[in-house]
Amino acid sequence: MSDFKLADRLSTLPPYLFAAIDKAKAEVAASGMDIISLGIGDPDLPTPDFIIEALCEGAKKPKNHQYPSYVGMPAYRQAVADWYKQRFNVDLNADTEVVSLIGSKEGIAHFPLAFVNPGDTVLVATPNYPVYGVATEFAGGTVEYLPLLEENDFLVDLDAVSNDTWAKAKMIFVCYPNNPTAATATKEFYDRLIEKAKEFDVIVISDAAYTEIYYDPSNKPISIMECEGAKDVAIEFHSLSKTYNMTGWRVGMAVGNASLITGLGKIKENVDSGIFQAVQEAGIAALKNGEPHAEKFRAIYKERRDVMCAALQQAGIRHRVPDASFYIWCNTPEGYKSSEFVTNVLKQTGVVLTPGNGFGTPGEGYFRISLTVNNDLLQEAVSRISKL
Ligand SMILES: Cc1ncc(COP(=O)(O)O)c(C=O)c1O
């Protein structure tokens, strides 16, 4: 059988930095030690029953068995617009300013194809969700990484970016609440970002997948769309995945500037045929009636966060107590590189952490803990790590 050579766009992808940890994980599992994974950002809690029931009802309707609209059912887009209004007090036109996505990853991955020409520069705040860089490269763009530093609360230092860089940039990716650092954005930050984007004609891409995982209801994460002028320059990607434990369902949305939504829709028109309508109907149910459930999930994450932060404190591991997201961003102990520390912990305890450098160079010296396991496992992980 022939061994076909991959296209350049795949063979030039950066090396997979989680490879070492995957190898160590396989070795530890083979040795018989049980693994506790605090590595994956995939909620362990089930999707609420009423959403599953909405899917089942939707699946029985013959009209849902045909091709859906690639931009989403009007009722789904309206539910997104209503949710943005109720949650962020943002007015969206469901016809022109909302598009459905097969999970936000799909939209993020396709978006550069609509607006990046070969050679265009795309700014990516890093450490980052890796899809931003890969999607840019698939579109032929060149990524320029902007470091997120602890001394700036992991916000992009917008004024440290040179005018030359702003001038050549086509778009900028930011993500708040941030994966992996768990930092949240301030209104002042978004206002300045919008100002810069207008000055230099740059598209702002906000990845807001984690806005609903927060710990203090009086200090909820904001959407860039709440800020004046956002719709002039920005598109925001959001998702039902993390809010309602629906990662497997593949349902999300993009909202914002109408020309950006139309451009993304044009790509989607050519590469996919939308989301199964029964899933969209379940998504409508989630957006309309999911809030009490989201509140319960937040209470569970809060308990986990408090258990883990107390244990880290006791173990003398420096970390940021997150205000949002289900991640804790920790400093590796003195003298350890990220991968080295994470591999040591894995080999000695069976606990999987994520090395910070896997998210980009400024992540070196950090590791990420994901709170997506139940309390018993979390306690067990904590007790194993504390014995180290
Ligand atoms: C920052 C961020 N954005 C987007 C996504 C994609 O989520 P989904 O495609 O399930 O909506 C993830 C998934 O982990 C993420 O961490």
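## Helix 6, its neighbours and a pocket

Start by selecting the buried residues of helix 6: Val131, Tyr132, Gly133, Ala135 and Thr136. The model is a predicted one, and helix 6 spans residues 131-138.

Next, show what lies over these buried positions. The cover includes helix 5 and four strands: strand 3 (121-126), strand 4 (142-147), strand 5 and strand 6 (203-207).

Now add helix 5, residues 104-115. Two packed helices are described by the angle between their axes and the distance between the axes. Here the axes of helix 5 and helix 6 come within 7 Å and cross at roughly 35 degrees, and the crossing is right-handed.

To see the contact itself, display side chains on both helices. From helix 5, pick Lys105, Ile108, Ala109, Pro112 and Leu113; they meet Val131, Tyr132, Ala135, Thr136 and Phe138 of helix 6. Sorted by class, this contact has eight nonpolar residues, one polar and one charged.

Then step past the end of helix 6 to glycine 140, which follows the helix and has a positive phi, near 90 degrees.

Finally, move to the second largest pocket, with a volume of about 160 Å³. Select its lining: Ala169, Lys170, Asp201, Val202, Ile203, Asp232, Val233, Asn257 and Leu260. Which elements each supply at least two residues of this lining? They include strand 5 (169-175) and helix 9 (230-233). Strand 5 is also part of the cover over the buried residues of helix 6. Colour the lining by class to find five nonpolar residues, one polar and three charged.

Key
Residues numbered from 1 in each chain as written. Predicted model: local features only at pLDDT ≥ 70, side-chain atom pairs only at ≥ 80, totals over all residues. Heavy atoms only, no water. Axes fitted to C-alpha atoms, helices over the stretch in contact; angles between N-to-C directions. Left-handed = near helix turned anticlockwise from the far one by under 90°. Contact = heavy atoms within 4.5 Å. Nonpolar A, V, L, I, M, F, W, Y, C, P; charged D, E, K, R; others polar. 1 Å grid on protein atoms, 1.4 Å probe; cavity = no way out; pocket = protein on both sides within 12 Å on 5 of 7 lines; lining within 4 Å. Points joined across faces, edges and corners; volume = space filled by probe spheres on them. Buried < 20%, exposed > 50% of the residue type's maximum accessible area, 1.4 Å probe, protein only.
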